[in-house]
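User: I'd like to go through this one with you, label by label. Please set each value against its definition as we go.

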Amino acid sequence: MKTTIFCGEIFNESNHEMCCGERVKKLEKILSDYMEENNTLPPAALECEISLTFADAEQMAAINWEYRDTDGPTDVLSFPMWENEDGKFEPAEDWETLTLGDIIVCPEIVAKNAADNGKTPESETILVICHGFLHLIGFDHANDEDKESMWQIQDMLVKRFFEES
């Protein structure tokens, strides 16, 4: 199983490194491994695709308002392609390539959160991308039990990212 991350328009040149080379390859491998280990995708799916875009705070605020009726920017938004009416992950069973959806990251908010949490911007960026990915495959954090499960998995994915050589 192969995951491909397509990087959209980058609004801050300092984020260029996040969408290039080894970091993206590591993320692709970690996310692919997770989906294989957990049989996340239907057997016919040999590849999945994720769109990753970085937006500035003003753009993120506009997107957040348009799609969530929430004022102001946030660190990450995800837009799953395969969410059914009950909010569950329900991908096509017979597609070889599945587009999972879009993840939009706001580096300004990520950097602020990183500073507030005593983390590096890179670590926080990987965290929010993993968080967005989990939303694409049906995870949510609407209640404490779901939140705990999702946080454990995203922390494990981040740990794998930084352990990979």
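Analyst: Happy to! Leaving aside neighbours within four places in sequence, Gly101 is in contact with Glu49, Ile50, Ser51, Phe79, Met81 and Leu136, where contact means heavy atoms within 4.5 Å. This is a predicted model, in which local features need pLDDT of at least 70, side-chain atom pairs count only at pLDDT 80 or more, and totals for chains, interfaces and linings use all residues. Residues are numbered from 1 along each chain as its sequence is written, and side-chain values use heavy atoms, with hydrogens and water left out.

User: Why is Gly101 called buried?

Analyst: Its relative accessible area is 1%. Buried means under 20%, exposed over 50%, and partly exposed in between, with a 1.4 Å probe and protein chains only. Gly101 therefore counts as buried. The residue is found in strand E4, and its C-alpha is 9.9 Å from that of Glu83, 18 residues apart in sequence.

User: What makes a stretch a helix or a strand?

Analyst: Both are DSSP runs, numbered from the N terminus: helices are H or I with at least four residues, and strands are E with at least two. Helix H1, for instance, covers residues 21-37 and includes Glu37.

User: Why is Glu37 called partly exposed?

Analyst: Glu37 has a relative accessible area of 48%, which falls in the in-between class, so the label is partly exposed. In space, the C-alpha atoms of Glu37 and Val158 are separated by 16 Å, with their positions 121 residues apart along the chain.

User: Just after that helix, what makes Asn39 stand out?

Analyst: Asn39 has a phi near 45°, a positive value in a residue other than glycine. This residue sits in the loop between H1 and E2 and is exposed because its relative accessibility is 65%.

User: And how do you know that Asp69 is exposed?

Analyst: The value for Asp69 is 59% relative accessibility, so exposed is the right class. Asp69 also has a positive phi for a residue other than glycine, near 50°. Its place is the loop between helix H2 (57-68) and E3. Asp71 lies in that loop between H2 and E3 too, and is likewise exposed, because its relative accessibility is 71%. The C-alpha atoms of Asp71 and Met60 are separated by 10.0 Å.

User: What makes a group of residues a nonpolar core here?

Analyst: A nonpolar core is a set of buried Ala, Val, Leu, Ile, Met, Phe, Trp, Tyr and Cys residues joined through side-chain atoms within 4.5 Å. The largest has 36 residues, and those with the most contacts inside it are Leu100, Ile103, Val105, Phe133 and Leu157. At least two residues come from each of H1, strand E2 (47-54), strand E4 (97-105), H4 and H5, with H4 giving the most, eight residues. Phe133, beyond its neighbours within four places in sequence, contacts Leu31, Tyr34, Met35, Ile50, Leu100, Ile103 and Leu157. Apart from this core lies another, of eight residues, among them Ala57, Met60, Leu77 and Ile109.

User: Why is Cys130 not counted in a disulfide?

Analyst: A disulfide is a pair of cysteine sulfur atoms within 2.5 Å. For Cys130 the closest cysteine sulfur, in Cys48, is 13 Å away, so this is too far for a bond. Across the whole structure, the search finds zero disulfides. Cys130 is buried because its relative accessible area is 0%, and Cys106 is buried because its relative accessibility is 0%.

User: Finally, what makes a space a pocket and not a cavity?

Analyst: On a 1 Å grid over the protein atoms alone, a 1.4 Å probe fits in a cavity but cannot get out, whereas a pocket is an open set with protein on both sides within 12 Å along at least five of seven lines; lining residues have an atom within 4 Å of a point. The largest pocket has 27 lining residues, with His131, His135, Phe139, Asp140 and His141 nearest its centre. Two or more lining residues come from each of strand E3 (76-80), helix H4 (121-136) and helix H5 (144-163), and H4 contributes the largest share, six residues.
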